[in-house]
Amino acid sequence: MASSDEPTASDAEPVIGEHLRRTVAPPAVREGHRPRLVSDADWAHASQKYELEDRPVPPPIPNGWYSLLASHELGRGELRAVIAVGRELVAYRDDHGVAHVVDAHCPHMGAHLGGGRVRGDTVECPYHAWRYGPDGQCVEIPYSDTRIPAKACLRTYPVQEVAGMVLFWFHHGAKDPTYEVPAPGEHGADGWSEPREYRVELVAALQEMAENNVDYAHLWHVHGRAAVPDRTSEFTMDGPFSTVVEQLPDNVEFHRNTYGPGVATLRVPDVMTIFATTTPVDRRHCRLLWHFYFTDAVAPLADDMVQGVTGEYGLMADVPIWQDKVFLERPLLVKGDGNIAEFRRWYSQFYEDA
Ligand code: FES
Ligand SMILES: [Fe+2]
């Protein structure tokens, strides 16, 4: 006789055929025609899996300030391993609250410092407990009274925390920063929301993503927006900074202030501001960490606005293009292609020593 504990048809495991069907469904069927994110590594795009002949290599990592983490992700005394700018890095916040970024591997025997710990203002290697100070120099070899070798030194990266982001400076020639990134005035200001965080990793070369912003001809075909004729858009440059102002329909303006290759502030004035940081993981992958701010008046629409900017007709519409395209050093630009040539001249300054 069946007991009342016996499973019923409704809570039984799915039949095996059903289970298999779900697991073997190809990604496009399973997910719909969605962008292929790098985190889905088992189905990363074929152009990354195979050694293809004559496929142009994306440009090198540009010099500049990039975000590594949001400030809240790095508590006092914590360290985090992060891959960025084509390197393995470790960020740590010392016991005084100061954030540091260093190369991940210990010069002694190559252990990864991400498994170590913070002691005072130093980071301690997990292998033999050598400790490194804020300038990267080894300050203690706990089991040896030998003179500490001068080469026992980690590469360090200048750090500034701006509006809740841990930014670090990367330069191929290890030169000092050549500009500063200003905090957006909306951060912590009355009448503006707390930052709302958006993050994603994409298969895209950093310059390709940036170039997209001055590529007015794709707006209709990819984003379903009216193309922006040149005369309603302005691109101005000032050293490592640049500005794009677009006139959108209904007298709405869109401003993009760019601070080097990794940081921009995007504004629909008095409505929404995005402190947008984009960090090259390597030449072909980017990590976006964006903070959205909204005025109190539009705060109830925040979800829709984030979706509008990042969703299927916004950022995500570009993703399939970026992940499959190649970077052409000499594209066939024609009238109507926007300010791409001008943009490239400006951008070339970030490849010094690269
Ligand atoms: S490998 Fe780091 S202390 Fe030995
Ligand atoms: Fe786009």
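Among contacts in the protein between residues at least 6 apart in sequence, what share join residues at least 24 apart? The share is 54%. Two residues are in contact if their C-beta atoms, placed from the backbone, lie within 7 Å.

This is a predicted model: local features need pLDDT of at least 70, side-chain atom pairs count only at pLDDT 80 or more, and totals for chains, interfaces and linings use all residues. Residues are numbered from 1 along each chain as its sequence is written, while chains are lettered from A and ligands numbered from 1 in the order in which they are written.

## Overall make-up

The protein has eight helices and 18 strands. Both are DSSP runs numbered from the N terminus: helices are H or I with at least four residues, strands are E with at least two. Of the 354 residues, 30% count as buried. A residue is buried if 20 or more other C-beta atoms lie within 10 Å of its own, exposed if 12 or fewer, and partly exposed in between; the C-beta atoms are placed from the backbone.

## Strand 11 and its partners

Strand 11 spans residues 165–170. Six of its six residues are buried, so the strand is largely enclosed by the rest of the structure. Met165, Leu167 and Trp169 point one way. Val166, Phe168 and Phe170 point the other way.

Strands pair if DSSP finds at least two bridges between them. Strand 1 runs antiparallel to strand 11, joined by six bridges. There, Gly64 has Phe170 as its bridge partner. Strand 10 (residues 159–162) is also antiparallel to strand 11, with four bridges. Glu161 stands opposite Val166 of strand 11. Strands 10 and 11 form a hairpin with two residues between them.

## An open sheet

Four strands form an open sheet in the order 2-3-4-9, with antiparallel pairing. Strand 2 (79–84) and strand 9 (156–157) stand at the edges with a single partner strand each, so one side of each is left without a neighbour in the sheet. Two bridges join strand 9 to strand 4 (residues 99–103). Val101 faces Tyr157 of strand 9.

## Positive phi angles

Three residues with a positive phi are listed here.

| Residue | Phi | Place |
|---|---|---|
| Asp54 | about 60° | loop between helix 3 (46–49) and strand 1 (64–70) |
| Val85 | about 45° | loop between strand 2 and strand 3 (87–93) |
| Ala163 | about 50° | turn of the hairpin of strand 10 and strand 11 |

Is Asp54 buried or exposed? Asp54 counts as exposed because it has 5 C-beta neighbours inside 10 Å. Val85 is buried, with 25 other C-beta atoms within 10 Å. Neither Asp54 nor Val85 is a glycine.

## Helix 8

Which residues of helix 8 (residues 340–347) are buried? They are Phe343, Trp346 and Tyr347. Seen down the helix axis, these buried residues fall within an arc of 95°, so they line one face of helix 8. The arc is that of the directions from the helix axis to the C-beta atoms. On the other side of helix 8, Ala341 and Arg345 are exposed. The cover over the buried residues includes helix 4 (206–211), strand 13 (233–238) and strand 14 (241–248).
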